[in-house]
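Student: Please show me the model. I would like to work through it by question and answer.

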Amino acid sequence: MQILSGKDVSEIIKKELAVQVSERKAAGKKIPHLAAILVGRDGGSVTYVNNKLKACEEIGFESTLIRYDDSITEETLLKKIQTLNEDKSIDGYIVQLPLPAHIDEMKVTLSIDPKKDVDGFHPINVGNMMLNIPGFVPATPAGIVELMRRYKIQTAGKNCVVVGRSNIVGTPLSLLLGKNTDPGNCTVTLVHSKSENIKEICSQADILVAAVGIPGFITADMVKEGAVVIDVGTTRIEDASRERGWRLAGDVDFKEVAPKTSAITPVPGGVGPMTIASLMINTLKAMELKGK
C-alpha cells in the first residue's frame, strides 16, 4: 500500500513554480499576483485562505487579502469583484466559499472575469474544460489528476467510481478522468445520494474517489482489494484530545480501508495541498494567457 502524499508533491510543484518566478524576475517580467476575498470568520475558510497566501509567499507570487464581515451586502461584494476584474495588476483572484446565506453564490461566480477565475468555477471555464479549450480547470479535480500523474497511477481502461456530484469536485473530476488523456481514459461511474446499490458499485472500482463530505462514509466492505482510493473529504470533527479542539476527518475510514488498497491519499496531507498547488499553477497560467 502506497501513501499518495499531496503534501510532498505540492512542495515539489511550489519549488518548480518558484524557479519560474525567479526567471521572470531576472528577465524583468511581471510577477503573478493573486487576490483572495474572504467573507466572515468561518474557521475552515480562514485556514484555507491563509494557506493559499502562504503558498504565494513561498513561491514568490504577490498576493492581496480582502476581508469583509459576514454582514457585507451582495451589492458591495459585487462592486469589489468588478474592481478586481478591472485591476490590471491582479492576474487572478478567488472568492472563498461558502458565502453567507444572503449572498447568491452563483451571481458572484458569474460576475468574475473568466480570465481571472483561477478557481475554475465560471461556466465559461467549465465549458472550456469540456471542449479542451485553454482555460482554468477547478483546482481540486486538477490537483487530483496531477497527483495521479506524479505517482504514475495507471488509469487507462480502469473502472473509476466518483462518489459525489458537486460542481466543484465530483462532476468535473468525472469528466476529466473520462477524457482521452493521461491520466484519463477511465470508464467512469458517478454515484450520488439518489444512486442505488452504492456499496456494490464502489466495490467494483479500480479507482475510487470519495467526495461527499461525510466522515468515514467509505468503509472497507465498499473497497475492492488493490484499489486506488482518493479521499477528498476534509470535515472538522470535535476532538478534545487535540489542543485546538478538533481534527480533520476524511470521507474514507482510513484505518480499515488502507490495508486493502494499492494506493491511498491521507487526510490531512493528501488532496488538500494539491488543491492549493493547482491554484498556484492557475495563477501563473492566468498571467501567461494574457501574454504578460
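The turns below cover helix packing, salt bridges, surface residues and backbone geometry.

Tutor: This is a predicted model, so local features need pLDDT of at least 70 and side-chain atom pairs count only at pLDDT 80 or more, while totals for chains, interfaces and linings use all residues. Residues are numbered from 1 along each chain as its sequence is written, and side-chain values use heavy atoms, with hydrogens and water left out.

Student: At what angle do the axes of α6 and α7 cross?

Tutor: Two packed helices are described by the angle between their axes and the distance between the axes. Helices are DSSP runs of H or I with at least four residues, strands are runs of E with at least two, and both are numbered from the N terminus. Axes are lines fitted to C-alpha atoms, for helices over the stretch in contact, with angles from 0 to 180 degrees between N-to-C directions. The axes of α6 (residues 139–150) and α7 come within 9 Å, and they cross at roughly 35 degrees.

Student: Is the crossing of α6 and α7 left-handed or right-handed, and which residues of α7 make the contact?

Tutor: A crossing is left-handed if the near helix is turned anticlockwise from the far one by less than a right angle, and right-handed if clockwise. This crossing of α6 and α7 is right-handed. Contact means heavy atoms within 4.5 Å. From α6 come Pro141, Ala142, Ile144, Val145 and Met148, and from α7 come Pro172, Leu173, Leu176 and Leu177.

Student: How many salt bridges does a search of the whole structure find?

Tutor: A salt bridge is a side-chain nitrogen of Lys or Arg within 4 Å of a carboxyl oxygen of Asp or Glu. Searching the whole structure gives 13.

Student: What parts does the pair Lys199 and Asp221 tie together, and how many residues apart in sequence are they?

Tutor: The closest N and O atoms of Lys199 and Asp221 are 3.0 Å apart, in a salt bridge. Lys199 lies in helix α8 (residues 198–202), and Asp221 lies in the loop between β7 (207–210) and β8 (228–231), so the pair ties together parts whose separation in sequence is 22 residues.

Student: Is Lys199 buried or partly exposed, and what about Asp221?

Tutor: Buried means under 20% relative accessible area, exposed means over 50%, and partly exposed is in between (1.4 Å probe, protein chains only). Lys199 has 45%, so Lys199 is partly exposed. Asp221 has 44%, so Asp221 is also partly exposed.

Student: Which side chains meet Asp239 in salt bridges?

Tutor: Asp239 is buried, at 14% relative accessible area. Its partners are partly exposed: Arg242 at 39% and Arg247 at 30%. The N-to-O distance is 3.7 Å for Arg242 and 3.4 Å for Arg247. The side chains asked for are those of Arg242 and Arg247.

Student: Which residues are linked with Glu16 in a network of salt bridges?

Tutor: The network contains Glu16 and three partners. The partners are Glu146, Arg149 and Arg150.

Student: Which residues make the nonpolar surface patch of about 380 Å²?

Tutor: Patches are made of residues with over 30% relative accessible area and no salt bridge; like charges are joined within 9 Å, nonpolar side chains (Val, Leu, Ile, Met, Phe, Trp, Tyr) within 5 Å. Accessible areas come from the Shrake-Rupley method with a 1.4 Å probe, and for residues only the protein chains shown count as cover. One member, Met130, sits in helix α5 (residues 123–131). The patch is made by Met130, Leu131, Ile133 and Leu175.

Student: Which residues does Leu110 touch, not counting residues up to four places away in sequence?

Tutor: Leu110 lies in helix α4 (residues 105–111). Leu110 is partly exposed, with 46% relative accessible area. The C-alpha atoms of Leu110 and Pro123 are separated by 7.5 Å, and these residues are 13 apart along the chain. Leu110 touches His122 and Pro123.

Student: Where is Asn167, and is Asn167 buried or exposed?

Tutor: Asn167 falls in the loop between β5 (159–163) and α7 (170–178). Its relative accessible area is 63%, so Asn167 is exposed.

Student: What is the phi of Asn132, and what is the phi of Lys152?

Tutor: Most residues other than glycine have a negative phi, and most peptide bonds are trans. Asn132 is in the loop between α5 and α6, and Lys152 is in the loop between α6 and β5. Both phi values are positive: about 60 degrees for Asn132 and about 55 degrees for Lys152.

Student: What is omega for the cis peptide bond from Leu97 to Pro98, and for the one from Asp182 to Pro183?

Tutor: Pro98 lies in the loop between β4 (92–95) and α4. Pro183 lies in the loop between α7 and β6 (187–191). Omega is near 5 degrees for Leu97 to Pro98 and near 0 degrees for Asp182 to Pro183.
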